[in-house]
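Visitor: I would love a close look at one part of this structure, the largest pocket, and then a walk outward from there to the surroundings. Could you take me through it at an easy pace?

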Amino acid sequence: MKKFDYKELVYSFHKEMLGNNFTLVYEGEITHQITKAFTSLAENKMDSYSEDTNMKKKVFHVMVECLQNLSKHAEDVKILKNKGYAGNGIFIIGRVGPDNEDYHILTGNVIDNSSVPELEAFLDNINNLDRDGLKELYKKQMREGTLSEKGGAGLGLIDIARKTGEKLDYSFIKIDEKKSFYTLRTKISRK
Amino acid sequence: MKPIKIRGTEDTPDVILDATKGLIEFSGRSLPEDVLSFYAPVLRWLEDYIKSPNSRSEVIFKLDYFNTASSKIILDILIYFEHLSNEGKDVIVKWFYHKDDEDMADAGVEYFEIVNIPYEMHSY
């Protein structure tokens with residue numbers, strides 16, 4: 001059996017991160033504490049190079065909604081002792097654009113195959129709407145939707161599309177007969 | 001009715017609910033870990049308040065950030081006061097937004113498209 005080569009692995013992770021301009025990569029349990037830690041990390045980092053206030057707000061906003069989606073909607077969400085929630089997933093934030101002036105946030109989590117059609121229809125519906133359509137959908141969902149026991153309002157994805165003005169770039173990768181891996185990429189552009 | 005004062009944290013807002021003054025105020029950030037349990041006492045207080053309100057109610061929102069789950073609760077709060085206003089009670093909602101924060105101003109405008117209530121927009 002080949003000996004586990006941690007040096008190669010660490011070095012290759014390091015190169016992958018730099019090569020892709022990833023500033024934060026996390027795989028594991030996403031909780032409210034993690035959400036607070038990552039958002040404050042990102043805020044401090046953006047402050048360090050005097051990022052524009054509006055960009056900062058947008059990044060913060062999208063991060064919160066993405067992380068809360070992971071903590072509440074992953075298939076293996078569990079209830080914590082303090083009544084919070086934790087779901088497993090991968091969360092990545094990186095820089096993109098010709099001069100790395102934009103941000104993108106990538107998330108991935110396992111979901112049941114049975115949840116795919118409904119989520120896909122919801123995402124497609126969002127992607128087919130223009131600015132005004134999204135505004136109306138948000139208002140309708142606020143009025144008619146109810147908060148789930150996990151405190152989800154079904155508004156996060158609509159809000160991300162509205163705040164970024166970008167289409168939601170998603171995919172479902174089939175793992176087996178029961179599970180799929182759901183990925184979402186959100187771009188926050190300087191416009 | 002006992003007033004409620006909740007000190008804000010990095011993820012929950014400052015809350016003032018004072019029946020004798022007719023003052024209801026939310027300021028700061030709202031992205032609680034558990035939106036329902038954070039706002040449950042607030043909504044219970046409001047339910048009692050609208051049964052015997054002050055002659056004038058002033059509702060202030062001065063938030064610099066709220067997540068989508070909180071946005072639903074804010075609508076619920078506004079609807080309580082829409083009922084009061086519909087009953088002919090004197091109600092004013094003051095929506096504050098930072099002068100550079102267009103999204104917060106837009107959010108206020110959108111609420112007042114949904115709820116029919118006297119309001120003022122204030123930038124700071």
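Guide: Gladly; we will begin with the pocket, move on to the contact between the chains, and then visit a few single residues. Please keep in mind that this is a predicted model.

Let us start inside the pocket. The largest pocket holds about 1200 Å³ of space. Its lining is made up of 46 residues, and those nearest the centre are Lys58(A), Arg162(A), Lys163(A), Thr164(A) and Asp103(B). As you can see from those names, both chain A and chain B take part. Sorted by class, the lining counts 23 charged residues, 13 nonpolar ones and 10 polar ones.

Which elements build this lining? On the chain A side, helix 3 (53-73), helix 4 (116-127), helix 5 (131-144) and helix 6 (156-164) each supply at least two residues. On the chain B side, strand 4 (56-66), helix 2 (68-86) and helix 3 (102-114) each do so as well. The most generous contributor is helix 3 of chain A, which gives 8 residues to the lining.

From the pocket, it is natural to turn to the contact between the two chains. Chain A brings 32 residues to this contact and chain B brings 27. The size of an interface is often given as the accessible area lost when the parts come together. Here the area buried between chain B and chain A is about 2500 Å², and carbon and sulfur atoms give 53% of it. Within chain B, the residues that lose the most area to chain A are Glu33(B), Thr68(B) and Lys72(B), which together make up 26% of what that side buries.

While we are in chain B, have a look at Ser30(B), which sits in strand 3 (residues 23-30). Ser30(B) has a relative accessible area of 0%, so it counts as buried. Setting aside residues up to four places away in sequence, Ser30(B) touches Asp11(B), Pro13(B), Tyr39(B), Tyr65(B), Phe66(B), Asn67(B) and Ser70(B). With one of these, Tyr39(B), there is a polar contact from side chain to side chain at 2.7 Å. For a sense of distance, the C-alpha atoms of Ser30(B) and Arg7(B) are 12 Å apart, with their positions 23 residues apart in sequence counted as the separation.

Now over to chain A, and first to its overall plan. Chain A has 6 helices and 6 strands. Read from the N terminus, its elements follow the order α-β-α-α-β-β-β-α-α-α-β-β. Of the 191 residues in chain A, 42% are buried. Looking at contacts in chain A between residues at least 6 apart in sequence, 65% link residues at least 24 apart.

A good residue to pause at is Leu157(A), because it lies in helix 6 and is buried, at 9% relative accessibility. Beyond its neighbours within four places in sequence, Leu157(A) is in contact with Asn69(A), Leu119(A), Phe122(A), Leu123(A), Ile126(A), Leu168(A), Tyr182(A) and Leu184(A). The C-alpha atoms of Leu157(A) and Leu123(A) are 7.8 Å apart, although 34 residues separate them along the chain.

Thr39(A), in helix 2 (residues 32-48) of chain A, is buried too, with a relative accessible area of 5%. A polar atom of the Thr39(A) side chain lies 3.1 Å from the backbone oxygen of Lys36(A). Leaving out neighbours within four places in sequence, Thr39(A) is in contact with Phe60(A), Met63(A) and Val64(A).

Finally, some loops of chain A. Most residues other than glycine have a negative phi. Asn21(A) is not a glycine, yet its phi is positive, at about 60 degrees. Asn21(A) is placed in the loop between helix 1 (6-19) and strand 1 (22-30), and at 29% relative accessibility it is partly exposed. Ser50(A), also not a glycine, has a positive phi of about 50 degrees. Ser50(A) belongs to the loop between helix 2 and helix 3 and is exposed, with a relative accessible area of 63%. In the loop between helix 5 and helix 6 you will find Ser148(A), which is partly exposed at 31% relative accessibility. The C-alpha atoms of Ser148(A) and Ile93(A) are separated by 28 Å, and the two residues are 55 apart along the chain.

Methods: Residues are numbered from 1 along each chain as its sequence is written. Chains are lettered from A and ligands numbered from 1 in the order in which they are written. This is a predicted model: local features need pLDDT of at least 70, side-chain atom pairs count only at pLDDT 80 or more; totals for chains, interfaces and linings use all residues. Side-chain values use heavy atoms; hydrogens and water are left out. On a 1 Å grid over the protein atoms alone, a cavity is a set of points where a 1.4 Å probe fits but cannot get out, and a pocket is an open set with protein on both sides within 12 Å along at least five of seven lines; lining residues have an atom within 4 Å of a point. Grid points are joined across faces, edges and corners, and a volume is the space filled by probe spheres set on the points. Helices (H or I, at least four residues) and strands (E, at least two) are DSSP runs, numbered from the N terminus. Ala, Val, Leu, Ile, Met, Phe, Trp, Tyr, Cys and Pro count as nonpolar, Asp, Glu, Lys and Arg as charged, and the others, Gly among them, as polar. Buried means under 20% relative accessible area, exposed over 50%, partly exposed in between (1.4 Å probe, protein chains only). Contact means heavy atoms within 4.5 Å. A polar contact is a pair of N or O atoms within 3.5 Å; within protein, one must be able to donate a hydrogen and the other to accept it, and residues adjacent in sequence count only if both atoms are side-chain atoms. Buried area is the accessible area (1.4 Å probe) that two parts lose on being put together, summed over both.
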